[in-house]
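Subject: Structure handover

Hi,

Here is the structure I promised to pass on. Have a look at it first, and my notes come after.

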2 protein chains.
Amino acid sequence: MTTVWTQARRAARMNPSIIREILKVTEKPGILSMAGGLPSADTFPVEALKAACDRVLTQAPREALQYAASEGFGPLREWVAARVATLGMAVRPDQVLITSGSQQGLDLVGKVLCDAGAPVAVETPTYLGALQAFTPYEPIFASLASDAEGPLPEAIAALPHDAPGTRFSYLLPNYQNPTGRVMGAARRAEVVEASRRAGVPIVEDNPYGDLWFDAPPPAALSSLWPEGSLYLGSFSKVLTPGFRLGYLIAPPELFPKLLQAKQAADLHTPGFNQRVVHEVIRDGFLDGHIPTIRQRYKANRDAMAAGLRDFLPPGCEWQSPEGGMFFWVRLPEGLDAMALLPQAVEAGIAYVPGAAFYAHQADARTLRLSFVTLTPELIGEGVEKLGRLLHEALEAAAEPAP
Amino acid sequence: MTTVWTQARRAARMNPSIIREILKVTEKPGILSMAGGLPSADTFPVEALKAACDRVLTQAPREALQYAASEGFGPLREWVAARVATLGMAVRPDQVLITSGSQQGLDLVGKVLCDAGAPVAVETPTYLGALQAFTPYEPIFASLASDAEGPLPEAIAALPHDAPGTRFSYLLPNYQNPTGRVMGAARRAEVVEASRRAGVPIVEDNPYGDLWFDAPPPAALSSLWPEGSLYLGSFSKVLTPGFRLGYLIAPPELFPKLLQAKQAADLHTPGFNQRVVHEVIRDGFLDGHIPTIRQRYKANRDAMAAGLRDFLPPGCEWQSPEGGMFFWVRLPEGLDAMALLPQAVEAGIAYVPGAAFYAHQADARTLRLSFVTLTPELIGEGVEKLGRLLHEALEAAAEPAP
């Protein structure tokens with residue numbers, strides 16, 4: 001068929017998200033899904049949001065329903081600046097840009113900082129959505145060698161600095177998606193020091209930082225190197241993802257271009273949503289609300305940790321996360337998480353094969369399990385099914401080929 | 001000052017919106033602003049939205065507050081497909097992508113269709129926000145020679161078709177921003193025929209089509225050439241801009257890439273907003289609501305037409321728009337709308353200098369006046385002040401330099 005349309009070169013690089021395709025499969029009724037990173041709907045503060053919608057539409061309907069500033073709603077920007085002070089960051093409200101979810105922050109960062117062929121460093125593995133957000137801007141991804149605390153400082157030190165220069169390292173220090181790992185205080189200092197020496201700035205993504213179980217994570221990377229850091233935050237995991245509200249905090253030199261990119265992208269984030277969320281959180285609501293989420297997710301984490309211990313075959317490896325939403329499991333040699341997925345779905349469970357999270361050289365033995373969507377009981381059931389599947393797969397792998 | 005950040009090449013092309021800067025000035029209390037294209041807040045259906053928020057958060061809170069499909073809320077996509085059938089377009093719901101305002105549709109179009117150095121054709125003049133949305137993707141703009149009905153078919157016929165090919169013409173056939181002009185039925189047929197022959201597809205933007213005063217506009221360009229057209233619509237002008245809801249309708253061959261671009265840009269448009277708007281409009285609300293907006297804007301148009309006739313000095317040119325939100329005025333020779341703006345603000349009024357809307361060779365004598373934000377009485381007052389200013393400017397221009 002002939003076509004009158006010519007697509008952009010970058011379009012050839014854009015691909016459907018494997019997670020998205022998996023989620024479609026797992027929407028079948030009866031599947032125990034540990035695939036998606038969906039916050040528990042039980043944590044959504046429905047009544048508070050309902051009351052806030054009513055108040056906003058009663059007190060300021062003309063403003064809330066009108067076009068609004070691209071920077072975001074002033075009081076919400078002030079709230080964010082005050083909030084991140086608790087992470088050690090000293091920022092002014094005029095460094096805060098309200099975004100349509102922190103995913104949009106990633107897109108704006110890509111638009112303003114990525115050139116075709118210029119390296120962008122990412123953790124090994126890293127958040128798939130960031131790879132998707134940056135890819136249309138045609139960077140070359142540099143996969144940073146990483147361990148249980150995240151990227152190695154020496155990997156950052158070795159990043160290319162000749163023109164066009166490594167534009168930034170994209171780092172998730174708190175309960176990383178997909179691995180669940182957290183970067184300790186000493187590692188943070190080393191990573192920042194290596195980045196500073198290498199002249200490679202940091203884009204710090206922190207959607208999960210509030211979801212700690214026993215102790216809060218160390219201070220933000222951005223607090224250690226303000227002029228070399230750009231910070232992304234979100235209301236999706238502590239309030240609701242359905243309002244699509246996030247924020248970006250940028251050094252003053254970068255803010256104007258990010259703001260112009262935001263304006264070109266969608267004029268502004270819905271003013272109504274910003275006002276409603278501000279109305280909910282303005283008087284300390286999150287101080288009472290977030291601990292209830294932590295408690296719930298910690299119980300879920302414990303249920304999954306117990307299930308993995310009880311049901312997974314020898315040779316599987318994982319660490320119990322200290323916060324966030326995910327376990328990262330490495331299967332015994334000879335098993336392939338992607339190849340096993342159809343059988344898993346057949347058995348009534350779903351996970352995300354880890355291969356999706358690598359910019360290069362995927363580890364086919366890895367998979368990601370979310371523990372926040374299901375109840376502890378269903379988590380136990382799901383992990384038991386996973387264990388049975390893996391036992392069978394190991395036995396099948398041990399048999400000689402017919 | 002040294003910096004650790006390297007910006008993308010495209011960032012150098014991105015500039016602050018002149019409209020945005022003007023709007024800041026005109027936020028001063030007491031300014032009669034005819035600058036911004038802000039719908040009248042009196043038209044926002046506050047009570048209907050309030051009731052819908054309550055219903056959505058009562059009936060489907062877990063779904064409305066959760067992550068959702070990148071394509072958009074199914075029933076809203078169905079509504080859109082049925083709605084555009086009234087414009088002569090036969091589309092399936094799976095060709096409808098819900099966007100965060102139609103501005104986001106422009107960004108996604110740029111991302112999927114624009115390459116550095118490939119031409120994109122635009123009307124002369126055209127919507128500034130489209131120039132801003134496409135610019136980061138580094139197209140070369142081709143300004144189509146245009147008359148009172150929009151672009152000339154022969155200008156489309158003459159577009160470059162050698163590689164990399166003109167990627168599309170961006171056209172606003174209904175009450176165009178900024179000129180207010182509408183494309184007649186015969187011109188539509190000629191434009192589509194010329195586009196088809198030239199092999200240049202059409203991106204049709206229709207935010208104002210519902211705002212006709214005496215008779216609806218002719219059928220959509222997209223109805224005449226479905227496979228060669230991509231259509232953008234919006235709820236901003238008929239319901240509220242503060243919810244940031246628009247949509248894009250694409251030929252099946254383009255839909256998957258646009259969807260991937262959408263997913264990378266912000267995952268999805270807020271599900272809550274989509275459900276609330278669907279709840280408001282599902283039972284024919286707009287059929288009663290839009291006529292009240294038309295009636296109001298028509299009275300405003302009449303007030304501005306009368307004011308311009310009464311107060312503007314000889315030599316000024318304008319057409320009375322048959323719909324939409326804007327008058328486009330051309331000043332007598334020797335006057336410069338941009339140069340006069342500070343005096344206008346001093347005199348208590350604001351407009352947008354037309355120069356902002358040209359991709360090339362701006363006509364410095366043009367300006368855009370919105371008639372939808374102020375009341376008829378204030379419009380009269382504003383235009384009277386504008387007339388006084390222009391009379392004085394003409395007298396000053398006629399005086400010999402000291």
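Below are the conventions, followed by what turned up.

This is a predicted model, so local features need pLDDT of at least 70 and side-chain atom pairs count only at pLDDT 80 or more, while totals for chains, interfaces and linings use all residues. Residues are numbered from 1 along each chain as its sequence is written, chains are lettered from A and ligands numbered from 1 in the order written, and side-chain values use heavy atoms, leaving out hydrogens and water.

Symmetry: a turn of 180 degrees with a shift of 0.0 Å along the axis lays chain B on chain A at an RMSD of 0.0 Å (least squares on C-alpha atoms of residues with pLDDT of at least 70 in both). That is the relation of a two-fold axis. In chain B, Cys53(B) comes closest to the rotation axis, its C-alpha at 3.5 Å. The copies meet through the same surface, because 100% of the interface residues of chain B are also interface residues in chain A.

Helix packing: the axes of H13(A) (residues 337-346) and H14(A) (residues 376-398) come within 10 Å and cross at roughly 130 degrees (lines fitted to C-alpha atoms over the stretch in contact, angles from 0 to 180 degrees between N-to-C directions; helices are DSSP runs of H or I, at least four residues). Leu340(A), Gln343(A) and Ala344(A) of H13(A) touch Leu389(A), Leu390(A) and Ala393(A) of H14(A) (contact: heavy atoms within 4.5 Å).

Cheers

Conventions. Helix = DSSP H or I, 4+ residues; strand = E, 2+ residues; numbered from the N terminus.
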